[in-house]
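Grab a pencil and let's work through a few exercises on aromatic rings and backbone angles. Have a look at the picture before you start.

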Amino acid sequence: LASLFVLLASAAIVMAVGVLLFRGADVHIATIPIVIVMACVWAVVTVHRQFTEEHTRRSVERALSQYTSPAIASRIAQDADLRRLTPQPAQVTCFFSDLAGFTRLSERLGPARTRDVLNPYLEGMSAVLIAHGAIVNKFIGDGIFAFFNAPIRPCENHERAACAAAVACHEALRVLNRDLPESDILRMRIGIASGEVFVGDYGSESKLDYTCIGDCVNLASRLEKAGKVLGTSTLVDGVTAAANGNPADRALGRWRVSGRDGVVELFEIYSMPVSPGERVAAQELWGQAMGHFQSRRWQACREALVSYAAETPHDSIANVYLRSVAQFEATPPGDGWDGAIDIPMA
């Protein structure tokens, strides 16, 4: 509209100048051809611009539809202010998931049956993540990497959204498992971490990937893998847990993650329904054990852990702490101990 207004105004000026020159100085200017040329130039430029912008919009829409729903991709592509895909800093929450023991399961099922099991799983989990505001970045075999609060798709309270998505993914998986035989039941581990990263297009001229790079990406990936040895279904870092603000999340203490400097506060998000009485009793015992551990009261800690393990016999973390207590009883930590223990390698 702005360019059309400029065209009309320019044409009016040319016509007015022509009339004034003809009446005042008896000079005739062929204004009509000038106006026609102006109109033709405007039409060519406008058509070219619209074609170029439409082509760019469709390219952006096709690219974004790989990461999120087609409807959201279309909305983002329509907004010119959101097309800046160059890497930029952002606070995000990263989400990694993986299926426990899927390699052995796929070897037993064979290629065709594996596809029939895996595709509905990936589709179902993607739908849940997108519904909660995530950008689904990539599939890594049976693993999924997604992140929340990308610049092209802001997500308010992204830490809570990621935690809610994790719970919803486990629920969706339970629904999928109803149609599978007992031998093919799928079990999922999730790792979540929040922090500042750089988000944007990375890659080469032939292949670009809209993704994020930063410490919390690596941390979320390591937490997912740590769930294998700690026996957790959803493991999150302290930053995410603090923003989630759910008192039902279980504090797991201070841990050192392999390949990463510093200590991380870890929390577990419960994904299975638990009766209030059972949860309160177990959490009380666990809280006592954690308090004794940080205070170096090894015998009291061991007794609380043994009682807790009797209430929750399948909890692997209790056994990890029991081994650490035995080591510290034999060789007490020094004065500079930070209260952390190493996550065992798988």
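One thing to keep in mind: this is a predicted model. To warm up, note that Trp255 is buried, and so is Tyr321.

**Exercise 1.** Work out what kind of pair Phe293 and Phe328 form.

Solution. Start with the distance: the two ring centres are 6.0 Å apart, and the cut-off for a pair is 6.5 Å. Next, take the planes, which meet at 50 degrees. Stacked needs under 30 and edge-to-face over 60, so the pair of Phe293 and Phe328 is tilted.

**Exercise 2.** Find which parts of the chain this pair ties together.

Solution. Place Phe293 in helix H9 (residues 276-294). Then place Phe328 in helix H11. The pair therefore links parts that are 35 residues apart in sequence. Phe293 and Phe328 are both buried.

**Exercise 3.** Place these rings in their wider setting.

Solution. Phe293 and Phe328 belong to one aromatic cluster, whose members also include Trp255, Tyr321 and Trp286. Now look at the face of Trp286: Arg250 lies over it, 4.5 Å from the ring centre.

**Exercise 4.** Say what stands out about phi in Asn149 and Arg296, and whether each is buried or partly exposed.

Solution. Begin with the usual case: most residues other than glycine have a negative phi. Asn149, in the loop between strand E3 and helix H6, has a positive phi near 80 degrees. Its relative accessibility is 19%, so Asn149 counts as buried. Arg296, in the loop between H9 and helix H10, has a positive phi of about 65 degrees. With a relative accessible area of 31%, Arg296 is partly exposed.

How values were computed:
Residues are numbered from 1 along each chain as its sequence is written. This is a predicted model: local features need pLDDT of at least 70, side-chain atom pairs count only at pLDDT 80 or more; totals for chains, interfaces and linings use all residues. Side-chain values use heavy atoms; hydrogens and water are left out. Buried means under 20% relative accessible area, exposed over 50%, partly exposed in between (1.4 Å probe, protein chains only). Helices (H or I, at least four residues) and strands (E, at least two) are DSSP runs, numbered from the N terminus. A charge sits over a ring if NZ of Lys or CZ of Arg is within 6 Å of the ring centre and within 35 degrees of the ring normal.
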